[in-house]
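Reader: I'm new to this one and I keep tripping over the labels. Could you take me through how they are earned?

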Amino acid sequence: HAADAQRTDLMTITRYVLNEQSKHPEARGDLTILLSHIVLGCKFVCSAVNKAGLAKLIGLAGDTNIQGEEQKKLDVLSNDVFINALKSSGRANVLVSEENEEPIFVEASKRGRYCVVFDPLDGSSNIDCGVSIGTIFGIYMLQEGSEGTVADVLKPGKNMVAAGYCMYGSSCTLVLSTGTGANGFTLDPSLGEFILTHPNIKIPKKGKIYSVNEGNAKNWDQPTTSYVEKAKFPIDGSSPKSLRYIGSMVADVHRTLLYGGIFMYPADKKSPNGKLRVLYEVFPMSFLVEQAGGQSFTGQGRALDIVPKNIHERSPIFLGSYDDVEEIKALYSAAEVKK
Ligand code: P6P
């Protein structure tokens with residue numbers, strides 16, 4: 001019967017979000033409506049990414065297609081789609097996109113109670129070679145009595161009410177948390193629906209994989225250098241870890257969530273705050289990893305405790321299996337003691 005139920009009683013992402021909403025009798029359904037518009041954006045981008053190779057969407061902006069139309073780069077197109085979907089939901093207020101220098105303030109008639117921070121197409125430098133890329137988003141509730149200002153999004157990641165990513169790869173997989181665990185949904189193109197395929201994701205307590213761009217090793221600080229050294233040349237007789245680095249955060253984090261291990265983008269001499277952006281890369285991924293039982297550390301403290309000062313701020317990040325992150329935390333605190 002279980003197999004039959006799976007076929008005839010589909011748990012779609014829409015149904016899942018409605019179930020979550022039903023646990024909050026006071027809910028007005030605004031978050032459900034907002035999430036349904038984000039899901040629509042992901043479906044559109046999934047379709048555009050899959051056609052990209054054929055439709056020459058991957059060229060540089062300024063290319064023209066056979067109709068002589070101005071070709072938008074895929075990340076510009078994705079950004080426009082998400083901004084329009086969020087505005088038309090009538091539930092969004094302040095928007096922050098990796099593609100926009102300034103925050104977007106939704107016009108009064110369409111304003112809602114939620115603020116969305118997002119990277120519409122993270123890893124887009126990988127599009128031309130077919131490596132998986134993704135959309136990453138985080139959602140804050142507007143502060144009490146606020147009309148919507150940048151202060152509503154300069155909040156610690158632990159204040160987020162939801163976070164997720166959609167990975168555009170061999171399949172289109174959306175991982176979402178509304179604060180009660182992390183769940184993965186895979187797009188069934190024949191239905192146009194995201195179906196629950198990874199219920200209640202729990203990251204392995206310890207992993208055998210480390211994921212970092214070793215090309216930056218010359219510029220790492222001592223704790224990161226010692227951690228990677230130990231991963232490659234263990235002194236306790238255990239086997240060395242495997243290195244897996246895709247260079248697309250959504251793909252590296254998705255693998256870490258499912259297989260375990262640690263993903264790192266450390267600070268280095270060239271970039272003292274690392275490379276990844278706090279609001280729409282570090283916070284959503286840290287939120288999801290914690291919901292899956294892992295942890296996320298900046299080298300100084302818990303990633304979700306950061307209070308951002310500007311919307312495109314960066315932070316070093318070490319996230320993944322609980323025990324693996326504990327090891328790097330111990331190395332950083334030992335280095336603090338030595339100072
Ligand atoms: P590097 C992609 O450009 C990105 O923003 C993330 O998706 C990815 O984790 C990181 O940068 C890769 O950076 O310096 O290793 O190429």
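Reader: What makes Arg-255 count as buried?

Author: This is a predicted model, and in it Arg-255 has a relative accessible area of 11%. Buried means under 20%, so Arg-255 earns the word.

Reader: Where is Arg-255 found, and which backbone oxygen lies 3.4 Å from a polar atom of its side chain?

Author: Arg-255 is in helix α6. The oxygen is the backbone one of Arg-244. A polar contact is a pair of N or O atoms within 3.5 Å, so the 3.4 Å between Arg-244 and Arg-255 fits that limit.

Reader: Why is helix α6 called largely enclosed?

Author: Because nine of the 11 residues in α6 (residues 249-259) are buried. Among them are Met-249, Val-250, Asp-252, His-254 and Leu-257. Just after the helix comes Gly-260, with a positive phi of about 90°.

Reader: Which residues surround the ligand?

Author: Met-249 of α6 is one of them. The others include Asp-122, Asn-213, Tyr-245, Phe-263, Lys-275 and Glu-281. By class, the shell has four nonpolar, four polar and three charged residues.

Reader: How do you know that Asn-213, Tyr-245 and Met-249 make polar contacts with the ligand?

Author: Set the distances against the 3.5 Å limit for a pair of N or O atoms. A polar side-chain atom of Tyr-245 is 2.6 Å from a ligand oxygen, and for a polar side-chain atom of Asn-213 the distance to a ligand oxygen is 2.9 Å. Met-249 uses a polar backbone atom instead, 2.8 Å from an oxygen of the ligand. Each value is within the cut-off, so each pair counts. As for cover, the ligand taken alone exposes 400 Å², and the protein buries 80% of that.

Reader: On to the strands. What makes β1 "mostly covered"?

Author: Six of the six residues in β1 (residues 92-97) are buried.

Reader: How do you know that β1 pairs with β2 and with β3?

Author: Pairing takes at least two bridges. Strand β1 has four with β3 (residues 114-122), in the parallel sense, and two with β2 (residues 104-105), in the antiparallel sense. Both counts reach the cut-off, so both are pairs. To find them in the picture, look for Ala-92 bridged to Tyr-114 in β3 and Val-94 bridged to Phe-105 in β2. A hairpin of six residues joins β1 to β2.

Reader: Why are β2 and β8 said to stand at the edges?

Author: They belong to an open sheet of eight strands, ordered β2-β1-β3-β4-β5-β6-β7-β8, with mixed pairing. Strands β2 and β8 (193-198) each have a single partner strand, so one side of each is left without a neighbour in the sheet. For β8, strand β7 (residues 183-188) pairs with it in the antiparallel sense over five bridges, and Asp-188 has Glu-193 as its bridge partner there.

Reader: What makes Asn-200 worth a look, given its phi?

Author: Asn-200 has a positive phi of about 50° although it is not a glycine. Most residues other than glycine have a negative phi. Asn-200 is in the loop between β8 and β9 (209-211).

Reader: Is Asn-200 buried, exposed or partly exposed, and what makes it so?

Author: Its relative accessibility is 45%. Partly exposed covers what is neither under 20% nor over 50%, so Asn-200 is partly exposed.

Reader: Which strands stand at the edges of the five-strand sheet, and why?

Author: The order in that open sheet is β10-β9-β11-β13-β12, again with mixed pairing. Strands β10 (242-243) and β12 (295-297) each have a single partner strand, so one side of each lacks a neighbour in the sheet. Strand β12 runs antiparallel to β13 (residues 317-320), joined by three bridges, with Phe-297 bridged to Phe-318.

Reader: And what makes Gly-301 partly exposed?

Author: Gly-301 is in the loop between β12 and β13. At 23% relative accessibility it is over the 20% limit for buried but not over 50%, so it counts as partly exposed. Its C-alpha atom is 9.8 Å from that of Ser-333, 32 residues apart along the chain.

Reader: Last one: how confident is the predictor?

Author: The mean pLDDT of the protein is 93, and 93% of its residues reach 70 or more. For the complex, the predictor gives an ipTM of 0.98 and a pTM of 0.94.

Notes
Residues numbered from 1 in each chain as written. Heavy atoms only, no water. Near = heavy atom within 4 Å. Polar contact = N/O pair within 3.5 Å; in protein donor to acceptor, adjacent residues only side chain to side chain. Areas by Shrake-Rupley, 256 points an atom, 1.4 Å probe, with all protein chains shown as cover. Nonpolar A, V, L, I, M, F, W, Y, C, P; charged D, E, K, R; others polar. Buried < 20%, exposed > 50% of the residue type's maximum accessible area, 1.4 Å probe, protein only. pLDDT = per-residue confidence, 0-100.
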